[in-house]
There are 2 protein chains.
Amino acid sequence: MRAAIAGSDAVRGTTSPNPPVGCVILDAEGNQVGLGATQPPGGSHAEVMALVDAGTKARGGTAVVTLEPCAHHGRTPPCTRALIAAGVKKVVFAVADPNPAAAGGRTVLTDAGVTVESGLLADEVELGPLRAWLHYARTGRPHVTWKYAATLDGRVAAADGTSRWISSEESRAQVHDLRRRIDAIVAGRGTILADDSALTARSADGTADGTSVDRQPLRVVVGTGDLPEGARVLDDAAETLHLRTREPSEVLAALGERGVVDVLLEGGPTLAGAFVQAGAVDRVLAYVAPTLLGDGPVALGASGVSTITGAHRFRVEGVTMCGPDVRISAVPDRN
Amino acid sequence: MRAAIAGSDAVRGTTSPNPPVGCVILDAEGNQVGLGATQPPGGSHAEVMALVDAGTKARGGTAVVTLEPCAHHGRTPPCTRALIAAGVKKVVFAVADPNPAAAGGRTVLTDAGVTVESGLLADEVELGPLRAWLHYARTGRPHVTWKYAATLDGRVAAADGTSRWISSEESRAQVHDLRRRIDAIVAGRGTILADDSALTARSADGTADGTSVDRQPLRVVVGTGDLPEGARVLDDAAETLHLRTREPSEVLAALGERGVVDVLLEGGPTLAGAFVQAGAVDRVLAYVAPTLLGDGPVALGASGVSTITGAHRFRVEGVTMCGPDVRISAVPDRN
């Protein structure tokens with residue numbers, strides 16, 4: 001299953017609106033003979049890729065897959081049919097498919113005499129490569145990660161507006177890696193006007209790196225006014241969508257319709273405040289640099305809270321060092 | 001040495017301006033036969049306490065001590081003399097005494113035929129129980145820890161000024177434990193006017209806890225105006241010093257003269273900004289709660305920085321969870 005998860009992880013950002021699934025085929029003796037992952041929309045699912053890789057060695061073997069194999073006929077035939085046709089005797093999957101149209105894979109397989117087990121490393125898959133897609137499948141809304149970099153005293157820029165570089169080279173590299181694996185980056189028009197951000201995945205030193213960055217997320221600018229001609233976000237490095245609204249629900253509906261599953265919200269403070277207030281932030285990713293400014297703008301603008309008991313409550317999911325910075329990941333505390 | 005460090009740690013906050021030292025005596029066979037720690041000023045040093053505890057079993061044995069034994073005659077006779085008189089054959093200490101008046105202990109012991117080793121667990125002692133005193137001995141200035149509790153977005157209170165409780169019960173308990181082991185708590189007059197803080201060590205639920213809190217730090221209020229009659233900080237729960245200045249160097253000089261070694265700076269933002277600007281914060285202790293407010297005051301006021309390259313640079317020394325909160329400890333990055 002770890003190999004399947006790694007396969008799943010490797011195709012994140014390339015499969016939406018389909019889930020980035022990984023699949024490993026073991027032969028009858030338990031040797032790994034096939035590995036596959038979901039191809040871009042319209043292409044084969046992970047199970048089919050792995051079966052092709054395994055060839056006839058799949059007969060009598062086991063398929064280990066991060067998500068319950070689909071039983072429905074979408075743009076591709078159902079994976080359950082391919083598994084049964086290949087003579088697989090056992091299927092082990094991590095997470096059940098929450099999508100009613102695709103679910104039923106377990107039943108189809110069992111009815112065909114295939115042994116089915118589930119739940120193996122389910123947490124790792126749910127919080128890892130399938131996190132955004134599972135959220136999308138369950139809620140109908142893209143998964144939103146709000147990412148920001150701030151000083152220890154919460155500032156995102158100095159008094160004069162300068163912010164290069166608040167966070168370390170290691171943190172910037174990690175953010176660009178994150179951008180590469182996301183479907184869309186969302187920023188407010190104000191941020192574009194202030195910073196002329198390109199909103200592309202780049203190498204850590206800020207230059208475009210054509211060799212390692214082979215795909216770019218959709219760039220989404222939110223705001224009612226026009227974008228200035230010549231703005232970097234309008235260059236041809238990636239597709240850009242300008243949504244003339246600041247209402248989070250409208251932004252997410254528009255993105256969901258385009259098949260966007262995994263969204264990175266990159267500011268500014270006003271837009272982030274609106275998303276937090278709307279309950280539309282599914283994860284906070286804070287890169288905290290060990291510096292102090294004592295002045296300058298903060299990361300989050302008004303989010304509808306006037307008194308301490310109304311604070312938006314989160315739960316820390318993980319804290320790691322990223323070079324000299326502290327990276328805090330937090331998710332809504334629904335309790 | 002770990003037992004000596006624990007002994008040292010246990011008397012933190014009771015020994016200033018003397019160092020909180022711990023000492024363990026091993027007999028000739030290596031069995032622990034004595035334990036001692038520095039008594040309040042005028043009382044015995046750790047070595048003498050441990051020797052008294054060991055009695056005649058110290059003869060031919062080893063003294064393990066967190067700080068180089070003193071060779072000078074202050075309010076008490078030199079510890080080196082006591083160790084030699086007790087027939088100790090070997091002394092192992094962690095950290096050399098940086099105080100020229102007290103140093104020379106190693107030479108005196110060696111000249112008397114005692115084997116001396118040093119450096120054992122030195123880092124643990126330097127960053128632990130002797131940290132503040134070593135800073136004081138080296139710089140002549142009290143060690144300042146600036147502590148604050150903030151939300152993930154850097155707020156110390158909501159828009160209406162409410163802040164009870166931004167941090168968790170676990171974090172508050174840890175702060176009260178810290179207050180118990182410190183010499184003085186410093187706060188600005190504005191904080192006293194706003195919150196009527198008592199600045200005492202209490203149990204985590206905010207009530208005084210007479211059984212467990214057996215000492216209180218000196219309370220120091222900084223600011224030129226008068227304090228309101230009936231302010232809690234003027235009650236008789238602990239001594240209070242009102243310094244009619246906001247200049248950090250003057251505050252620290254006044255405290256140093258009183259033998260204050262270890263200071264906890266608790267705000268507000270203006271005073272903290274002045275201390276940061278003056279380079280007078282030796283450690284930042286941030287309790288970050290996983291909540292978002294989007295409005296309200298932030299922890300640090302103006303600290304003389306107008307552009308990002310002028311940011312005060314720190315280095316993260318440790319990150320731990322404290323209940324649901326993230327506790328970040330950072331020290332000035334002098335590189």
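User: Before we get into this predicted model, what does "buried" mean here?

Analyst: Buried means under 20% relative accessible area.

User: Then why is Ser168(A) called buried?

Analyst: Ser168(A) has a relative accessible area of 10%, and the cut-off is under 20%, so Ser168(A) counts as buried. You'll find Ser168(A) in the loop between β6 and α7 (169-180) of chain A.

User: What makes Cys322(A) a contact of Ser168(A)?

Analyst: Contact asks for heavy atoms within 4.5 Å, and Cys322(A) passes, along with Pro324(A) and Asp325(A), once neighbours within four places in sequence are left aside. Don't mix that up with the C-alpha separation: for Ser168(A) and Cys322(A) that is 8.0 Å, with their positions 154 residues apart along the chain.

User: Why is Arg12(A) called buried or exposed?

Analyst: Buried. The relative accessibility of Arg12(A) is 16%, and the limit is under 20%, so the label "buried" applies to Arg12(A). Arg12(A) sits in the loop between α1 (2-10) and β1 (22-26) of chain A. Skipping residues up to four places away in sequence, Arg12(A) touches Pro20(A), Pro129(A), Arg180(A), Arg181(A) and Asp262(A).

User: Asp262(A) turns up there. What do we know about strand β10 of chain A?

Analyst: β10 covers residues 262-265 of chain A. Asp262(A) and Leu264(A) point one way, Val263(A) and Leu265(A) point the other way, and all are buried. As a general matter, side chains in a regular strand alternate between the two faces of the sheet.

User: How do you know that β10(A) pairs with β6 of chain A?

Analyst: Pairing needs at least two bridges. Strand β6 (residues 143-151) of chain A has four bridges to β10(A), and the two run parallel, so they qualify as a pair. Thr145(A) stands opposite Leu264(A) in β10(A).

User: And what makes β7 of chain A a partner of β10(A)?

Analyst: Three bridges, again in parallel, join β7 (residues 184-188) of chain A to β10(A), against a minimum of two. One bridge partner pair is Ala184(A) with Val263(A) in β10(A).

User: Which strands make up the open sheet, and in what order?

Analyst: The order of its nine strands is β9(A)-β8(A)-β7(A)-β10(A)-β6(A)-β11(A)-β14(A)-β13(A)-β12(B), with mixed pairing.

User: What makes β9 of chain A and β12 of chain B the edge strands?

Analyst: Each pairs on one side only. β9 of chain A spans 240-243.

User: How do you know that β13 and β14 of chain A are paired?

Analyst: There are eight bridges between β13 (residues 312-322) and β14 (residues 325-332) of chain A, in the antiparallel sense, and two would be enough. Among the bridge partners, Gly318(A) goes with Ser329(A) in β14(A).

User: What joins β12 of chain A to β13(B)?

Analyst: Two bridges, with the strands antiparallel. The minimum is at least two, so β12 (residues 291-292) of chain A and β13(B) count as paired. Thr291(A) stands opposite Arg313(B) in β13(B).

User: Why is Thr291(B) called buried?

Analyst: Thr291(B), in strand β12 of chain B, has a relative accessible area of 8%. Buried means under 20%, so Thr291(B) is buried. Residues up to four places away aside, Thr291(B) touches Ala311(A), His312(A), Arg313(A), Thr151(B), Leu152(B) and Asp153(B).

User: And why does Thr151(B) count as buried?

Analyst: Thr151(B) has a relative accessible area of 3%, so with the cut-off at under 20% Thr151(B) is buried. Thr151(B) lies in strand β6 of chain B. The C-alpha atoms of Thr151(B) and Thr291(B) are 5.3 Å apart in space, and the two residues are 140 apart in sequence.

User: How many residues does each chain bring to the contact, and how much area is buried?

Analyst: Chain A and chain B each put in 43 residues. Between them the chains bury about 3,300 Å², 69% of it on carbon and sulfur atoms. In chain B, Leu152(B), Leu292(B) and Ile308(B) lose the most area to chain A, together 22% of what that side buries.

User: How many salt bridges and polar contacts cross the interface of chain B and chain A?

Analyst: Zero salt bridges by the rule, but 20 residue pairs in polar contact. On the side of chain B that touches chain A, β13(B) gives the most, with seven residues. The residues of that side divide into 26 nonpolar, ten polar and seven charged.

Note on methods. Residues numbered from 1 in each chain as written. Chains lettered and ligands numbered in written order. Predicted model: local features only at pLDDT ≥ 70, side-chain atom pairs only at ≥ 80, totals over all residues. Heavy atoms only, no water. Buried < 20%, exposed > 50% of the residue type's maximum accessible area, 1.4 Å probe, protein only. Buried area = accessible area lost by both parts, 1.4 Å probe. Salt bridge = Lys/Arg side-chain N within 4 Å of Asp/Glu carboxyl O. Polar contact = N/O pair within 3.5 Å; in protein donor to acceptor, adjacent residues only side chain to side chain. Nonpolar A, V, L, I, M, F, W, Y, C, P; charged D, E, K, R; others polar.
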